[in-house]
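Visitor: Got a minute? I'd like a quick tour of this one.
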Amino acid sequence: MLTWFWLPGRRARHALATGRPEQARELLEPHAAAGHRKALSLLASVAAAFLARAERALAADNPEAAWDDLLAAEAVAPGLPRAVELRATLTKLAAATCRAAFLAGNLEFVGGAVTRFKARAAVHPTLDWLPAAAADWQAARELAEQGDFAAAIGLIDRTRSRLPGDVVDGLAQARDGLAGRYDQARPLQQHLFAAVERKEWREVHRWAEDLLALAPEHREARQFRAMAWDRLAVSAAPNGSPATLAGRFGPVVPAGPRFSHAGTVTGPIPVAAPAAVTVAAPRRLFLSVDGVGGFLLLFKHRIMIGADANPAPIDVPVTAGLQRVHTEIARDAEGGYLLEPKDGAAVAVNGEAVTARRPLKSGDEVRLGATFRFRFDQPNPLSGTAVLTPLSHHRMAGHATGVVLVASNLLVGPDQDTHISVPKAISGLIFYTTADGLGVRADGPIRVQSVEFHTNAVLPVPCQVETDEYRFRLDVYDPRS
């Protein structure tokens with residue numbers, strides 16, 4: 001027996017001497033289970049090594065590592081006085097940590113932390129009342145999000161009545177915050193209901209938006225806002241002639257293609273579609289399509305490309321060695337595009353130097369300066385919209401996947417004649433310009449900020465939009481982002 005244990009015992013002692021109690025435990029446990037006295041004696045040293053390392057971890061402000069080593073020591077040698085003392089210290093620290101997180105309103109952390117500490121057999125009065133109190137506080141938050149501030153405040157008051165005296169004041173700030181929001185929400189709700197009775201739909205929209213800023217899940221505010229959008233869409237419906245947008249969005253193409261469910265072009269739709277709400281039409285928007293990329297949308301018929309050192313007057317800033325204003329691209333009356341170098345800037349198209357204005361055709365590769373390259377595409381002959389896709393490593397308009405020069409519409413879908421290609425999609429989207437901004441058309445429901453429209457919606461900026469196949473976000477482009 002002694003000869004059989006000699007080698008593993010020697011290895012276990014070496015592991016302990018070099019700070020590897022886990023390896024020592026693995027070597028000793030089979031022999032200890034067989035009743036070997038020296039193995040049992042050495043396991044006490046293993047437990048002591050775990051405890052020493054746990055104390056060092058606690059001193060280094062790493063309580064998680066201390067817990068791991070304490071549990072390992074207790075598994076090897078239960079009931080050691082040193083382990084009992086360390087457990088008491090770590091349990092007090094756990095309770096204080098959870099309590100501080102609760103008073104700070106970090107309720108998600110509280111739930112997970114209490115569960116974790118109880119799994120370690122930590123016993124403390126704070127860990128008993130915390131889970132229910134955190135659940136009540138979270139429920140109060142959800143009630144407030146729905147606009148039921150009175151119920152939220154009542155729930156907070158009942159929760160406070162069950163808490164220890166030195167914790168009650170910690171929820172006072174949360175209650176005061178709910179009461180303040182309640183005071184703001186009551187007159188907004190009164191204004192909203194009065195506007196609905198008067199059928200003043202722009203006022204309805206205004207008061208609903210203000211109320212939703214305080215209570216994003218307020219059911220009536222959401223319903224009335226959707227109602228206002230619908231009424232405004234009807235009142236702003238076109239009378240059969242497309243909106244005149246020259247000077248704001250460039251030349252207007254009277255009609256654009258419509259996608260079938262298979263993604264093919266089947267016929268024209270009016271460029272101007274019903275407006276939902278009055279939407280500002282910024283000079284530059286940024287369209288982020290999930291799973292595809294981000295695109296800078298420009299609505300001018302003439303754009304400037306140049307260095308990003310001073311992006312304010314530049315439509316498309318580029319991180320490359322370019323002049324401040326390097327080149328201009330302009331759309332003509334027939335929907336074609338002309339490229340013009342500025343102040344002798346180095347420009348080449350398909351490898352040939354360009355020194356004066358020249359037309360661009362779809363597929364042209366343009367080089368600005370020594371290294372920056374992009375491809376010019378005008379994929380749909382029925383649309384005057386063009387796309388600039390960077391080919392070199394330089395950043396073009398921040399991290400944009402491409403720049404879209406929007407004439408009247410922007411086609412997204414699986415076909416080759418779309419401006420933004422989504423090969424895995426089945427159906428397509430059409431973004432169109434209106435007198436009030438930018439709208440979208442899809443073959444199915446469109447959810448704008450969680451409010452559902454049928455096939456058409458004019459988009460507020462910023463907004464988050466979902467259809468059955470697509471999810472995208474529309475923002476004002478910030479060159480500093």
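Visitor: What share of the 481 residues counts as buried?
Guide: This is a predicted model. In it, 47% of the residues count as buried.

Visitor: How many helices and strands does the protein have?
Guide: There are 12 helices and 22 strands.

Visitor: And the surface: how much does the protein expose, and what do carbon and sulfur atoms supply?
Guide: About 23000 Å² is exposed. Carbon and sulfur atoms supply 54% of that area.

Visitor: What about long-range contacts, with residues 24 or more positions apart?
Guide: Those account for 48% of the contacts that have a separation of 6 or more.

Visitor: Let's go to α6. How far does α6 reach?
Guide: Helix α6 covers residues 107–119, so 13 residues. From first C-alpha to last, the span is 19 Å. The expected value, at 1.5 Å a residue, is 18 Å, so the two are close.

Visitor: Which residues of α6 are buried?
Guide: L107, V110, A113, V114 and F117. They sit on the same side of α6, because they cover an arc of only 120° around the axis.

Visitor: Why would that spacing line up?
Guide: An α-helix has 3.6 residues a turn, so residues three or four places apart point the same way.

Visitor: What do the buried residues of α6 pack against?
Guide: Three helices: α4 (63–76), α5 (81–103) and α7 (125–145).

Visitor: And which exposed residues are on the face turned away?
Guide: E108, T115 and A119 are there.

Visitor: What follows α6?
Guide: A121 follows α6. A121 is in the loop between α6 and α7. Its phi is near 65°, a positive value in a residue other than glycine.

Visitor: Where is T455, the one with a positive phi of about 65°?
Guide: T455 is in strand β20. T455 is not a glycine either.

Visitor: Is T455 buried or exposed?
Guide: Buried, at 17% relative accessibility. The cut-off for buried is under 20%, so T455 falls inside it.

Visitor: Which two residues does the cis peptide bond join?
Guide: V461 and P462, with omega about 0°. P462 is in the loop between β20 (451–459) and β21 (463–466).

Visitor: Change of topic. How many residues are in the largest nonpolar core?
Guide: That core has 70 residues. F102, F117, L163, L192 and V204 have the most contacts inside it. Helix α3 (residues 37–59) gives the most to this core, with nine residues.

Visitor: Which residues does L163 touch?
Guide: Leaving out residues up to four places away in sequence, L163 touches F102, W129, A133, V168 and L171.

Visitor: What lies apart from the largest core?
Guide: Another core, of 32 residues. Among them are F295, L410, A442 and V451.

Visitor: How many disulfides does the structure hold?
Guide: Zero.

Visitor: And C98 and C463: buried or exposed?
Guide: C98 is buried, with a relative accessible area of 0%. C463 is buried too, also at 0%.

Visitor: Last one. Where does G177 lie?
Guide: G177 lies in helix α10 (residues 172–198). G177 is partly exposed, with a relative accessible area of 36%.

Visitor: How far apart are G177 and I153?
Guide: In sequence, 24 residues. In space, G177 and I153 are 9.6 Å apart, C-alpha to C-alpha.

Note on methods: Residues are numbered from 1 along each chain as its sequence is written. This is a predicted model: local features need pLDDT of at least 70, side-chain atom pairs count only at pLDDT 80 or more; totals for chains, interfaces and linings use all residues. Side-chain values use heavy atoms; hydrogens and water are left out. Helices (H or I, at least four residues) and strands (E, at least two) are DSSP runs, numbered from the N terminus. Buried means under 20% relative accessible area, exposed over 50%, partly exposed in between (1.4 Å probe, protein chains only). Contact means heavy atoms within 4.5 Å. Accessible areas come from the Shrake-Rupley method with a 1.4 Å probe; for residues, only the protein chains shown count as cover. The arc is that of the directions from the helix axis to the C-beta atoms. A nonpolar core is a set of buried Ala, Val, Leu, Ile, Met, Phe, Trp, Tyr and Cys residues joined through side-chain atoms within 4.5 Å. A disulfide is a pair of cysteine sulfur atoms within 2.5 Å.
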